[in-house]
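Q: Could you take me through the surroundings of the ligand in this model, and then through the packing of the parts around it? I am in my first year, so please explain each term as you go.

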Amino acid sequence: MNGERRPRLVVAGFGMVAHRFVERLAVLGGTERFAVTVIGEEPRPAYDRVRLTAWFDHLDERRLALCPPEWARDLGVRVITGHRVASIDRVDRAVRTGNGYRIPYERLVLATGSSPFVPPVEGIDREGVFVYRTVDDLERIKERAAEARSAVVVGGGLLGIEAADALRRLNLDVCVVESGPGLMGRQLDAEGSAMLEERVREKGGRTFAGVQVRRIDAGDGRLILSLDNGIEPLTGDLIVLTAGVRPRDELARSAGLPVAEGRGGVVVDDELRTADPAIHAIGECASHNGVVHGFVAPGYRMAETLAEIVAGRKSRFTGYTPAARLRLPDIDVWTLGDTARRGVRLTWRGDGAYRRIVLRDRRLVAAASVGPWREIGVAQDLILERRRIWPQQVQAFLRNGSFSNRSARLPVAEWPASAVVCNCLEISRGELSAARARGCDTAAALALATGASTVCGSCRPLLHELAADASTEATSKGLIAAAAVAVAVALAIVGVAPWPLAESVESAGLLDVLYRSGAWRQATGFGALGLALLATGFSLRKRFRFLGSGDLARWRLAHGALAALSAVALVAHTGLRAGSGFNRLLMVAFLLAGVAGAAAAAGVGRRSVRLMFWLHVLAVWPLPVLLAFHVVVSYRF
Ligand SMILES: Cc1cc2nc3c(=O)[nH]c(=O)nc-3n(C[C@H](O)[C@H](O)[C@H](O)COP(=O)(O)OP(=O)(O)OC[C@H]3O[C@@H](n4cnc5c(N)ncnc54)[C@H](O)[C@@H]3O)c2cc1C
């Protein structure tokens, strides 16, 4: 930087989202442009909070670490752990830590996350009452559990059920108390909650829904919870509070920055900027469009967006469709989208599982399931991409709980390219297939190349399946070859001089004779047309896979191969001549369809694939009319 002082960027909070932000900033060169300081209140660098519960299994916090010890040095950033940012001086542009250090900034990023909500109940501060958010919290719970026989979990949401299962595995009798009408009541309807409660009870847990804790007393070394609704008091040796979280926006509040009404959260715009242009907020402490996102995927997306903005690129955070998953060994619950949204509700029940979808204007807007639903990525794709649901898909769902007639088990290699496989990092099937085609043939290699399965790990089985699918690689290679042919033909027709025709009969070679012969022109012309029609037919069959059309990947390959052959026949038919008038239009439409199809086949980015796909479809539409015209004109003249 020519001896110039680099602008200072301070990150307050060192959790999952702050870590992601700094990593992404480093990739974009931002850690060279800015002198970055990260200040975290916890005594350790960022760790995988999503897998926090796994700490009870291995008791090794290093297995949760997100960054190796040399991380900060390698990236050239300063990390201060075990210090809280206590205040922001917006006039002097500096933060002050709890022990009085002043750290100036030109840009400040708030990534302070959430704190567990502690209900205002008498006796809540007694010894033996714990929250469930950090490694330190779990260490305290583990210590108490060593002497305990029973525990009460207050809060029956995702976290509460996960905590209850962990306590049960510590050999405690566990009871879950939920104030709402049912477990996971914010995401599931009454039937889903009831089924979940049944599963929790099958595992030996007790549940009380629709019950408020009134008071906590201590007696004989135990804790006694008084409940409302005339229910007998509950006794436990320890209590774990999982009654929700609240954004940690206290720094912003005391610095006079606007926070959202009600549940709070630092108000940010699409560029994740607060009311002070030098201060941004990301992750669970931020409120965007009135929503505080309580999951890691939107936090990561915010982190990536902000890293791009800070690195000088254009980027915006436009929101996130909620996706929540409870994954315990025998309990699998998914909720996607706003399950409370109005619409047509359809339910499938079978094999001890329950699936509900919400349709609006023939589009899927939300889904929830209790029990395994490995095709959930397909449902998520339908929601995210706002795809229309065909009546046959609705019937298939009602019949077998899947969107396909083939079976309830659609191989992951056949999911749409944009279907999300790894929810934590939002990695699509297309990205994974592309990595597979580049030679990543184990789940570990796929994880290393794309990051999929490295946060919560629940998509690992899908990665194994994709890695084992030999047809994926062959199909991808075949498709890329077909795409290369289509592009080569387009380039040749646009950039290479037409095949020269002999001026006289004496100098005419075999190719001249062939090219001028009506039979050759008819054979190549109808050949190109027939192959293109077949390719289109195959593609339509692919889209109607509920008809039972077999392996989608192979249909796609057949479509690409026929289209490439048709392009070769076109070269033989035209001798690389683009023609004029309508013929040129026909050629342009044909080449555009080929190149866009090739780009869609070879592409991996979700948005570009979709764009290219639609361009491909758009270019195919005028072809029948132009072709008909071409045939009529050719025979007439
Ligand atoms: C047990 C558990 C399981 C979960 N499971 C899932 C899941 O399956 N899927 C999912 O999507 N999400 C899950 N979550 C939620 C997920 O962990 C959060 O969405 C994610 O951690 C949010 O990241 P963040 O960086 O915004 O906040 P955090 O991870 O909370 O990090 C914020 C950090 O900032 C620090 N901090 C706060 N104030 C200050 C200050 N003034 N000065 C310095 N440091 C400060 C905090 O101590 C904390 O270390 C789970 C959470 C828990 C607790």
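A: Sorted by class, the shell around the ligand has 17 nonpolar, ten polar and seven charged residues. Here Ala, Val, Leu, Ile, Met, Phe, Trp, Tyr, Cys and Pro count as nonpolar, Asp, Glu, Lys and Arg as charged, and the others, Gly among them, as polar. Keep in mind that this is a predicted model: local features need pLDDT of at least 70, side-chain atom pairs count only at pLDDT 80 or more, and totals for chains, interfaces and linings use all residues. Residues are numbered from 1 along each chain as its sequence is written.

In total, 34 residues surround the ligand, and the closest are Gly13, Gly15, Val17, Gly113 and Gly283. A residue is near the ligand if its C-beta atom, placed from the backbone, lies within 6 Å of it. Helix H1 (16–27), strand E2 (35–40) and helix H9 (296–310) are the elements that give two or more residues to this shell. Helices (H or I, at least four residues) and strands (E, at least two) are DSSP runs, numbered from the N terminus. Domain 1 (8–114 + 246–310) and domain 2 (129–243) each supply at least three residues of the shell; these bounds come from an automatic or database domain assignment.

Now to the nonpolar core, a set of buried Ala, Val, Leu, Ile, Met, Phe, Trp, Tyr and Cys residues joined through C-beta atoms within 7 Å. A residue is buried if 20 or more other C-beta atoms lie within 10 Å of its own, exposed if 12 or fewer, and partly exposed in between, with C-beta atoms placed from the backbone. Among the 137 residues of the largest core, Val11, Phe21, Leu110, Val240 and Ile282 touch the most other members. Helix H9 provides the largest share of this core, eight residues.

Val240 touches several residues, including Phe130, Ile141 and Leu167; contact means that the C-beta atoms, placed from the backbone, lie within 7 Å. One of these partners, Ile141, is buried in helix H5 (residues 135–145), as are Leu138 and Ala145. The three sit on the same side of H5 because they cover an arc of only 60° around the axis, taken from the directions from the helix axis to the C-beta atoms. An α-helix has 3.6 residues a turn, so residues three or four places apart point the same way. The buried residues of H5 pack against helix H3 (55–58), strand E9 (129–131), helix H6 (158–169) and strand E16 (238–241). Exposed Asp136 and Glu143 are on the face turned away from the buried side of H5.

Key
Two residues are in contact if their C-beta atoms, placed from the backbone, lie within 7 Å.
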